[in-house]
Amino acid sequence: MGLFSLKETCSCCGKTTGFNKFKCKNGYLCPDCFKAARLKGLVINPFNTTGEELKIKLEKFNSKMDNFKETAKVGNYISFSDITNEVYVPNMKSEHRFIKYSDILDFELIEDGETIVTKGGLGRAVAGGVLFGGVGAIVGGVTGKKKSKHTVKSVKIKITTNDIKDPIVFITLLQKETKKDSLIYKNSAKTAQEILSRLKVVTSKDYSTKPEEVGQAKISVADELIKLKTLLDEGILTQEEFNKQKEKLLN
Ligand SMILES: [Zn+2]
């Protein structure tokens, strides 16, 4: 394959690259592999990665993604799987992360570098926000601390995990100067609250039971009710279906 050859073989997937090709460390990547590398944050610099390295990372990511059965998501910020008991956090700037619920040590809402609320500070009320849809009250409680400032430059959720290599995961909700009375800010606050509430719910459960011990009796009625109410709020269940399931659980 000469310098002016249009056709090269992708060093990652082996497909012919065609005219659109991207130089990598040991050859070329096809547009699909290049895009995957960038979008999935698999490698920091595709130009400095070999196709083989990327292939291994892609396969690992795809098999994790296949296993992950999403049961809830908040925008494109975070997905939850109550089946594999983990969250998936896409991240454009660094590697996408899969984090077991039980590996989440802490999480907090950070506005302009200042912690607004932590996991411990959320209390039962915020977790209840998921249950009863009390968005307004909690958004006020979460974001009303710094009334004196009229604009905000950044809103992030920081998740601390027990992964020693890379313990911190950020979810960026806002990253440009925004007026606090704007719709954009209010939406970020609402999104933040939903993420925090869900994190609170999933990290408040006890995952210490060994898989073989998880039987009907181990799943508490309250947990099941929370799940049901979430499904209702998301429009997955109708009120009628919800009532029926609720009655079943309580009897
Ligand atoms: Zn390829």
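**Zinc site.** I began with the spacing of the residues that hold the zinc ion, and in sequence I read the donors as C-x2-C-x16-C-x2-C. I am working from a predicted model throughout. The protein donors I found are the SG atoms of Cys10, Cys13, Cys30 and Cys33, lying 2.3 Å from the zinc ion. I then looked up the angles that the four donor atoms subtend around the zinc ion, and they run from 105 to 114°, which makes the arrangement tetrahedral. For two of these donors I also checked the accessibility: Cys30 is buried, with a relative accessible area of 2%, and Cys33 is buried as well, at 6%.

**Ser11.** Next I turned to Ser11, which I located in the segment before strand S1 (22–24). Its relative accessibility is 17%, and because the cut-off for buried is under 20%, I entered Ser11 as buried. Leaving aside residues up to four places away in sequence, I listed its contacts as Cys24, Asn26, Gly27, Tyr28, Gly51 and Glu52.

**Aromatic rings.** I searched the whole structure for aromatic pairs and obtained seven. One of them joins Phe22 and Phe34, and I noted it as stacked, with 3.9 Å from centre to centre and 5° between the planes. This pair links distant parts of the chain, since Phe22 sits in strand S1 and Phe34 in helix H1 (residues 31–39), twelve residues apart. I compared their accessibility class: Phe22 counts as partly exposed at 24%, whereas Phe34 counts as buried at 11%. Elsewhere I traced ring pairs that link Phe61, Phe68, Tyr88 and Phe98 into a cluster.

**Sheet S3 to S6.** I followed an open sheet of four strands in the order S3-S4-S5-S6, with antiparallel pairing. Its edges are strand S3 (72–74) and strand S6 (97–100), each of which pairs on one side only. On average I found neighbouring strands of this sheet turned by 20° against each other, direction ignored. Between strand S5 (residues 86–89) and S6, which run antiparallel, I recorded four bridges, and I noted Val87 opposite Ile99 in S6. H5 packs on this sheet, touching S3, strand S4 (78–81) and S5, and its direction makes about 25° with that of S4.

**Sheet S8-S7-S10-S11.** I then looked at another open sheet of four strands, with the order S8-S7-S10-S11 and antiparallel pairing. Strand S8 (114–118) and strand S11 (168–174) stand at its edges with a single partner strand each, so one side of each has no neighbour in the sheet. Here I found neighbouring strands turned by 25° against each other on average, direction ignored. Strand S7 (residues 104–111) and strand S10 (residues 155–161) run antiparallel and are joined by seven bridges, and I marked Ile104 as standing opposite Thr161 in S10. Helix H5 (residues 183–203) packs on this sheet too, where I saw it touching S7, S8, S10 and S11, with its direction at about 165° to that of S7.

**Whole chain.** Last, I took the overall counts, which gave seven helices and twelve strands in the chain. Of its 251 residues, I noted that 39% count as buried. Among contacts between residues at least 6 apart in sequence, I found that 48% join residues at least 24 apart.

Key: Residues are numbered from 1 along each chain as its sequence is written. This is a predicted model: local features need pLDDT of at least 70, side-chain atom pairs count only at pLDDT 80 or more; totals for chains, interfaces and linings use all residues. Side-chain values use heavy atoms; hydrogens and water are left out. Donors are N, O and S atoms within 2.8 Å of the metal (3.2 Å for Na, K and Ca); water is not among the atoms, so sites may look incomplete. Four donors count as tetrahedral if all angles lie between 85 and 135 degrees; four count as square planar and six as octahedral if opposite donors are over 155 degrees apart and all others between 65 and 115; anything else is irregular. Buried means under 20% relative accessible area, exposed over 50%, partly exposed in between (1.4 Å probe, protein chains only). Helices (H or I, at least four residues) and strands (E, at least two) are DSSP runs, numbered from the N terminus. Contact means heavy atoms within 4.5 Å. Two strands pair if DSSP finds at least two bridges between them. Axes are lines fitted to C-alpha atoms, for helices over the stretch in contact, and angles run from 0 to 180 degrees between N-to-C directions. Rings of Phe, Tyr and Trp (its six-membered ring) pair if their centres lie within 6.5 Å; planes under 30 degrees apart count as stacked, over 60 as edge-to-face and the rest as tilted.
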